[in-house]
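Reader: Please give me a close look at one helix-to-helix contact. Put it in the setting of its chain, and state the cut-offs as you go.

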Amino acid sequence: MAPLHEQDVVTVREIPDTRFAAIGWLVLALVVLGVAAWEWKMRSLGLLAGDLEDGKSAWAVERRKLESGEHDGVVLIGGSRILFDTDLDAWAEMTGKRPVQLAMPGMNGQPVLKDIAENSAFAGLVVMDVAPTQLFRPPGGGNPAFAGVLDYWRDEGPARRASHRLEILLSEAFAFLDQNYSTTALIDQLDLPNRGRIGGPYMFPWKLSEAGADRQHRLWREIETNERLREHAISVWMRMQGRPGPPEPVVAAICADIAASVAKIRARGGDVVFLRPPSAGAYRARENAMTPRATTWDRMLREAGAFGIHFEDYPAMRGLELPELSHLTREDATRFTRAYVGVLRERYVGLRPGAMLHPGA
Amino acid sequence: MVFNSLTFLVFFAVLLVLHHLPFLSWRAKKVNLLIASYVFYAAWNPPFILLLWASTIVDWFIARGIYAHRDSSRAVRRSWLVISVAVNIGFIAFFKYGEFLLQNWQALMQAFGITWVAPEWDIVLPVGISFYTFVTLSYTLDVYLGRSKPIASFLDYALFVTFFPHLVAGPIVRPTQLVPQFETPKQANRDQMLWGLGLIILGLFEKVVVADGGLSSASDTVFGAKAPVGFADAWLGTLAFSGQIFCDFAGYSTIAVGTALCLGFALPDNFRMPYAAIGFSDFWRRWHMSLSTWLRDYLYIPLGGNRGTEARTYRNLMITMLLGGLWHGANWTFVAWGGLHGLYLAAERWVRERSGVAGDPAGPWNRLALALLTYFLVNITWVFFRASDFGGASRVLAGMFGLAAGAEPVLPTIYMIKVAVIVTGILVVQWLMRNRTVEELVSRAPWWLTGAVAAVMLFAVIVAQGSGEAFIYFQF
C-alpha cells in the first residue's frame, strides 16, 4: 500500500541544479570584499579593534569573581560615571588592589548592592557611584542591554560563556564588531520626525565608551573630538533630565533599601562608600534641581550611616573636563581616580600599599 | 546552544571535520553525532540532559514492550502506552505547566470561596522539551498503532531522538523520515554541502536581519505598552509580530534543514509560504507543518477525525486546535489562539461543505482577496499568541478595531517604515513563491544572481551583528 503522507516515508531533499562551486567562490569573494570595506569604513568613524563589547556576559564574568574569590576585596558598582571615570590601573598602582568593575551604563547601583548584600559573602569594600537622577527614580527602566543581569550571571550556560570568549577574540581583530554600529543600530538612529512625544531610538544614548579587559571603560575618543556626537549626547542627557524629580516616598524607599544593604555588608566585616562623580554645566544644574543634595545624597548617607565622597567637597575633583557634561575625558578620569582613591586610602588602612588587612578595614 | 552564535559556528565546524574523517567507521561517526547532540543540548543548561536521557530510555523500552505484546490484548498494550504518555506528559506537566496548573487551581478554589495560595514555582523550563517529547511519543505511538516496528539499534534510536538540528525546535520528525537514513553511511557531497550552507545563510538572514533586526523592536514596543495603543500602532505592531514569528521560526527550521544537509541527512520542510495561504486548512498545510501533521495523526485522527457525525468532526477539530494552542505555552492566551484557529477551520469547513467549493476560488483577484482575508484573520490570532495576558491582547485588539480613541502614539517613525517595508516584502515574496520552492527558484536563476543574493544576505548577517537572541520557539 502506498504511504498516505510524506511523514510516512524517508525524507529526501531536492538539490537545485546550478553551478554551486562558482556560487561558492562568488559569495566568498563578495563577502570578503564587503567586510573589508565595512571594516575600513568603521575604522574611519573611530572604531578600534580591541574595543570589547560590554553586556551581560562581560558583567557576569566579573560578578562570578566575587563568588570564586578571584578578587582583591574591592568592588565598584553603579552607573556609567564610575565605570568611565575610574582608571583601574591607577587604583591598582595606588593600593595594590585591582577592583572588580560591576558598574553598568544606564543603570544604578542599588540592585547590585542588594544582590551583593543578600546573595554573596563578600566582606570587602564596595564603592557605589551616585548619579542622583539615575539612583533616585522609581523602579524599572534602565539599560535593556543589562536587563535581568542579576539572574543571568548565575544562569549563564556554557554556550553563552564560550560565545563571549569567542566574541572577545574577534573583537581584538575587527573594529566593526560593535553593537552601537550594527546596521540595525545605524538604521534605527536615523533622524526622522516622530509623532507626538515619541523620542525614538535617535534619542537613545549612542556609543559613549571604549572597553578593554576587566571592563575598563573610557570615554570614547570621538566624543572628545566629534562635535556632532558630543552634542547628541548632551541633548539626550538634557531630555532625560526634563522629567520631574522623584516623589518623597520613592526617595525614602531607596534610602531605606540602601541602608539595609549597607548594614548587612558591615555586619560581616565589609563596608560601603558612596561616590558622587562630577557632572557639569546645564546638566548638573538640572540634576541639582531635580535631586537636591540635601534631600537625596545627604539623606542617604545619614540613613545608611555611610561615608561619601562628593566631588564638590574636594578641590582635586573639581575643574575637570566633561566633554558631554556627564563623563570625564580619559586623562581626567585618571586624575579623578587618583583623587578619590587618595581619600579612600586615608580612611581605610587596608587600601594602603602592602597592607595585609582587608580593604574594608 | 543557539544556531545564531559563535559557539555553534565552532561546534559545527569541528563536527563537520569529524564527520568527514575518512578513517572513522559509520558507527563511530554516529556516536560522534550523538555525543555532539548531547553537547549541543547540555551547553544551554547541563542538568536538563538527564530529562532528555530519561525520555529517550523510557520510550525505548516501552516501544519494545508494546511490540513484544503485539499479540496480547489491547488493554495490555495500552497499559504500556499509558506509562510512556504519563512519563512524557508528566515531565511537561511539571516543568511547563506546573505553575499554570497551580494558579488555575488557586483561582478555582477562590471561585468556591476557599482561600488557598499556590506555592512559589521557580522552575526553569527545559529548552525544547515540548519538541523532543513529541518526537519520542510519535515513536511509541507508531509502534502502538502498528505503523512501525521498534528500531533495532539503540544508537540509531537515540540519534533519531537527539539529532541536534531538530532537537530543540523541530521540525518534529517521525521515525520513518529519519531513522532509515542512519542505517547506511551518509556524507554530503559538494553540492549538498554548499546547498546546506546556503540554507543556513538564508535561515540566519531571516532570524538575525529580518526578525531580530527589522521587526522585533516594533512588536516589543506595541505589545509592551501599558496604555491603550492607537489604530496604526496596533496594526503595525501586530504585522511586525506576524513577520517576526515567521522569520524567527522558519529561519530556525531552514538552518536546521541546512545543518542536517551538510552532514548528509534530509530533514522535512516546516514552512511553505504560509502567508500566501488561501483559507485556514491551506494555512495549516503551510505553517509549522511538522506540528500540524503530528496533531492530525496522533490526536485528530485517533479522536475520530471526520469519520463520525458532522458535530463530532467539529468537536475533534476544536479539541485538536485547543490542545495545539496549549502545547505552545502555559497560558490561556495560547488556548485562545488555538481556539480561534479551530473556529476558523470549522467555519471554513462549514462554508465549503455548504457551498460545494473544494479547491481555491477561480480568478487571481479572488484568490488574492481570500489570501489577504486569511492573513488578516491570522493576524487577529497573533495578538493572543504575542500578548502576555488578555489585558494586553484586548489593548492591542481595541486599537486594531479603532476602539482606542485618544491613544498616544508609541511607534517611532523608523520602526513604522521598517515594518511597512519588510512585511510588504514578505507578503509579496510569499505570494509570488506560493506554488514554488526555493530549490526551483535557484535552479532557474542565473548562478551569479544566486551568488550575489547569498553574498548580500551573509554580509547583512555579519554587519547586523546579532546578539545571539534565542529563537522564540525555544520557550515552547
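Author: Helices here are DSSP runs of H or I with at least four residues, strands are runs of E with at least two, and both are numbered from the N terminus. By that count, chain A holds 15 helices and seven strands. The model is predicted: local features need pLDDT of at least 70, side-chain atom pairs count only at pLDDT 80 or more, and totals for chains, interfaces and linings use all residues. Residues are numbered from 1 along each chain as its sequence is written, while chains are lettered from A and ligands numbered from 1 in the order in which they are written.

Start with the chain. The C-alpha trace of chain A spans about 80 × 45 × 40 Å along its principal axes. Chain A has 361 residues, and 40% of them count as buried (20 or more other C-beta atoms, placed from the backbone, within 10 Å of a residue's own). Take its contacts (C-beta atoms, placed from the backbone, within 7 Å) with a separation of 6 or more: 78% join residues 24 or more positions apart.

Now the pair. Helix H12 of chain A covers residues 248-267, and helix H14 of chain A covers residues 297-304. Their axes, lines fitted to C-alpha atoms over the stretch in contact, come within 8 Å. The crossing is roughly 40°, on a scale from 0 to 180 degrees between N-to-C directions. H12(A) and H14(A) are therefore oblique to each other (outside under 35, 65 to 115 and over 145 degrees). The crossing is right-handed, with the near helix turned clockwise from the far one by less than a right angle.

Which residues meet? H12(A) brings A:Val251, A:Cys255, A:Ala256, A:Ile258, A:Ala259 and A:Val262. H14(A) answers with A:Arg299, A:Met300, A:Glu303 and A:Ala304. By class, this contact has eight nonpolar residues, two charged and no polar (nonpolar: Ala, Val, Leu, Ile, Met, Phe, Trp, Tyr, Cys, Pro; charged: Asp, Glu, Lys, Arg; polar: the others, Gly among them).

Next, the cores. A nonpolar core is a set of buried Ala, Val, Leu, Ile, Met, Phe, Trp, Tyr and Cys residues joined through C-beta atoms within 7 Å. The largest has 148 residues; B:Ile201, B:Phe205 and B:Val461 are among those that touch the most other members. Helix H10 (residues 190-223) of chain B gives the most to this core, with 18 residues. Apart from it lies another core, of 65 residues, including A:Met300. A:Leu113, A:Leu229 and A:Leu351 are also among its members.

Terms used: Buried ≥ 20, exposed ≤ 12 C-beta atoms within 10 Å, placed from the backbone. Contact = placed C-beta atoms within 7 Å.
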